[in-house]
Amino acid sequence: LEGLAHSDKDARVLLHVEPLQPLRPPAASRPDSWLRVLHLNPATYFASVLSEAHAVVLCGGTMQPFEDLRQQLFTNLPPGRLRTAAYGHIVP
């Protein structure tokens, strides 16, 4: 529910409702209906992590090009506060 409290430009709500199936009991009449919240702006949620943490380590196998990720997540970080390291493929 926290994701729904942010600006509407940061997320989208998707709702899919299956039609009623009259021969089934009410609880099972819409088994494939769903509600999803898609977060479009990760910086909205990541900003609180950056403001409270002494250090943040991001590790991943497909974080290149990193410049895009830096622009999205670290927009308010002062220059010189971000250190990066990249390593070659470690699995032979």
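Helices (H or I, at least four residues) and strands (E, at least two) are DSSP runs, numbered from the N terminus. Keep that handy for the tour.

**Before you click.** You're looking at a predicted model, where local features need pLDDT of at least 70, side-chain atom pairs count only at pLDDT 80 or more, and totals for chains, interfaces and linings use all residues. Residues are numbered from 1 along each chain as its sequence is written, and side-chain values use heavy atoms, with hydrogens and water left out.

**Stop 1: colour by confidence.** The score is pLDDT, the predictor's confidence in each residue, from 0 to 100. The protein averages 77, and 78% of the residues score at least 70. Among the elements, strand β1 (residues 11-16) has the highest mean, 84, and helix α1 (residues 42-52) the lowest, 81.

**Stop 2: select K9.** You'll find K9 in the segment before β1. Is K9 buried or exposed? Here "buried" means under 20% relative accessible area, "exposed" over 50%, and "partly exposed" in between (1.4 Å probe, protein chains only). K9 comes out at 60%, so it counts as exposed. Now add N41: the two are 32 residues apart in sequence, with 8.1 Å from C-alpha to C-alpha.

**Stop 3: select E67 and R70.** Both sit in helix α2 (residues 66-73), three residues apart, about one turn of the helix. Their side chains meet in a salt bridge, at 2.6 Å from N to O. That term asks for a side-chain nitrogen of Lys or Arg within 4 Å of a carboxyl oxygen of Asp or Glu. The structure holds one salt bridge. E67 is partly exposed at 39%, and R70 is partly exposed too, at 29%.

**Stop 4: select F46 and F74.** Rings of Phe, Tyr and Trp (its six-membered ring) pair if their centres lie within 6.5 Å; planes under 30 degrees apart are stacked, over 60 edge-to-face, and the rest tilted. By this rule there is one aromatic pair. F46 and F74 form it edge-to-face, with 5.7 Å between centres and 90° between planes. The pair links distant parts of the chain, since F46 is in helix α1 and F74 in the segment after α2, 28 residues apart. F46 has 14% relative accessibility, so it counts as buried; F74, at 7%, is also buried.
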